[in-house]
Amino acid sequence: MKRRLKAILAAAALPLVIVSMLMAARPAAAAALTRVTGFGNNPTNLNMYLYVPDRVAARPALLVLVHYCGGSAGAIFNGNGHDYATAADRYGYIMVLPEATRSEKCFDVSTPAALSRDGGGDSTGIMAMVSYARQRYNVDPARIVVSGFSSGAMMTNVLAAQYPDVFSAASAFSGVPAGCFATTNGSLWNSQCSGGNLIKTAQQWGDQARAMYPGYAGRYPRMQVWHGTTDTTLAYPNFGEEIKQWTDLHGLSQTPAFTDHPQSSWTRTRYGATGTQATVEGISISGVGHQLPMNGQLAYAISFLGLDGTTPSTSPSPTVSPTPPPGGGGSGLIKGVGSGRCVDVPNYSTADGTQLNLWDCHGGTNQQWTYTSAQELRVYGNKCLDAGGTGDGAVVQIYGCWGGDNQKWRVNSDGTIVGVQSGKCLDAVGNGTGNGTKLQLYSCWGGDNQKWTWSR
């Protein structure tokens with residue numbers, strides 16, 4: 001295995017040189033990267049490092065930052081991951097940095113233990129670190145995110161697949177799909193995957209990720225993947241395979257909904273939602289090898305991960321009031337009194353006719369509603385809460401705003417939301433409270449499944 005890791009260790013050499021330069025130049029600060037011991041279940045003897053800035057947000061996000069082969073927590077913190085640390089000082093989020101202790105300083109994303117939830121591999125120890133941080137700080141559970149480079153990017157994919165109920169978003173620089181590095185002989189290296197020769201359908205990649213957490217039927221994290229087109233350590237075809245996997249996990253087409261070029265050598269594609277926090281985002285860097293992230297790239301990752309704010313829109317405990325401000329103009333989450341869950345557009349869909357449901361409140365763009373002076377409830381800025389009929393059981397969906405009475409709603413002080421055209425209430429089907437419960441129109445009867453709070 002050591003012979004096969006020479007290439008990836010050599011690719012890490014440049015970041016290590018940069019690390020030593022930055023460490024020498026970095027001024028002293030009160031906050032520091034701190035080693036934590038006794039943090040919990042640690043079957044593979046990882047080290048844990050924690051960074052808590054001097055000024056922590058009241059409801060901080062938590063970033064898990066995973067280093068490359070041959071690296072360390074200190075190397076990534078002070079080196080090519082330093083922009084994450086600078087942003088932590090600015091925005092008040094907390095960082096957990098796992099450190100591999102095996103001789104090659106690579107993370108295990110290959111063995112059966114590593115590729116199953118709570119299986120006793122490296123990911124098990126990393127999740128113990130996450131739990132440790134959550135127990136000691138008022139971490140926002142809707143803003144626990146992960147990022148990594150090379151070996152750390154491979155681990156980022158694995159963590160997001162195994163713990164989709166914990167992580168809300170992930171950003172992987174020069175990685176491979178979750179499960180691509182799987183081996184059966186104890187080796188941590190898979191040459192077929194590293195060479196870009198492991199090609200599967202989107203469904204196959206999705207199924208491989210789903211097998212890491214059998215029975216899970218909820219949402220998967222938003223995923224951002226980066227890759228250089230001339231990467232020969234973890235070859236460029238892995239970039240497309242990652243996109244296949246994560247679009248499948250989100251039920252999305254592999255045809256981009258948005259494409260642009262933030263810099264001349266970059267091609268950025270977005271799938272599902274098309275804003276800064278897209279459902280899936282890929283950034284391909286032309287003419288670049290295994291040397292990501294490069295200068296300025298982490299700023300894009302910070303925005304994608306939702307780390308650039310001290311008052312996050314995704315807080316699960318916002319201030320609530322029964323109605324938005326009089327005359328419209330209020331924006332926020334619409335939360336069911338009976339369920340404690342939010343009015344949600346499934347899978348960040350923007351398609352007309354998508355029926356709404358209840359889902360855990362996470363504050364994504366598919367849960368952000370604006371009540372306008374025209375009595376519309378808008379999502380994404382241009383889609384309206386729309387009644388597909390006037391009778392009991394009529395579908396409540398999103399549709400392009402056109403001004404019809406079936407898109408106008410009275411938001412009442414008793415917590416009901418009543419269709420202007422139908423006179424019927426926004427209702428959780430069957431008095432349901434679970435994730436995925438559909439929404440409909442139904443005659444108003446005063447049940448908690450017809451009462452809603454407006455959360456800012």
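Trainee: How many bridges join strand β6 to β7, and do the two run parallel or antiparallel?

Mentor: Strands are paired up by looking for bridges between them. In this predicted model, 5 bridges join β6 (residues 169–173) to β7, and the two strands run parallel. For a concrete contact to click on, take Ala 170: its bridge partner in β7 is Met 223.

Trainee: And which strand does β7 join through 6 bridges?

Mentor: That's β10, residues 280–285, and this pairing is parallel too. Look for His 227, which stands opposite Ser 284 in β10.

Trainee: Is β7 buried or exposed, then?

Mentor: Burial is read from relative accessible area, with under 20% counting as buried. For β7 (residues 222–228), 7 of its 7 residues are buried. Both faces are covered: Arg 222, Gln 224, Trp 226 and Gly 228 lie on one side, with Met 223, Val 225 and His 227 on the other.

Trainee: Trp 226 makes me think of rings. How many aromatic pairs does a search of the whole structure find?

Mentor: There are 11. To read one, check the distance between ring centres and then the angle between planes; an angle over 60 degrees is edge-to-face, under 30 is stacked, and the rest are tilted. Tyr 51 and Phe 77 have centres 4.9 Å apart and planes at 55°, so they make a tilted pair. This pair links distant parts of the chain, as Tyr 51 is in strand β2 (residues 47–51) and Phe 77 is in helix α3 (residues 73–78), 26 residues apart.

Trainee: Why do Tyr 51 and Phe 77 count as buried?

Mentor: Use the burial cut-off again, under 20%. Tyr 51 is buried because its relative accessibility is 1%, and Phe 77 is buried because its value is 1%.

Trainee: What kind of pair do Phe 181 and Trp 189 form?

Mentor: An edge-to-face one, with 5.2 Å from centre to centre and 85° between the planes. Both Phe 181 and Trp 189 are buried.

Trainee: Which rings link up into a cluster?

Mentor: Follow pairs from ring to ring. Here they join Phe 149, Phe 173, Trp 226, Trp 266 and Tyr 300. You've already met Trp 226, one of the buried residues in β7.

Trainee: Where does the charged end of Arg 219 sit?

Mentor: For this feature, look at where the charge lies relative to the ring centre and its normal. The charged end of Arg 219 is over the ring of Trp 359, 4.8 Å from its centre. Another case is Arg 136, which lies over the face of Tyr 132, at 3.7 Å from the ring centre.

How values were computed:
Residues are numbered from 1 along each chain as its sequence is written. This is a predicted model: local features need pLDDT of at least 70, side-chain atom pairs count only at pLDDT 80 or more; totals for chains, interfaces and linings use all residues. Side-chain values use heavy atoms; hydrogens and water are left out. Rings of Phe, Tyr and Trp (its six-membered ring) pair if their centres lie within 6.5 Å; planes under 30 degrees apart count as stacked, over 60 as edge-to-face and the rest as tilted. Helices (H or I, at least four residues) and strands (E, at least two) are DSSP runs, numbered from the N terminus. Buried means under 20% relative accessible area, exposed over 50%, partly exposed in between (1.4 Å probe, protein chains only). A charge sits over a ring if NZ of Lys or CZ of Arg is within 6 Å of the ring centre and within 35 degrees of the ring normal.
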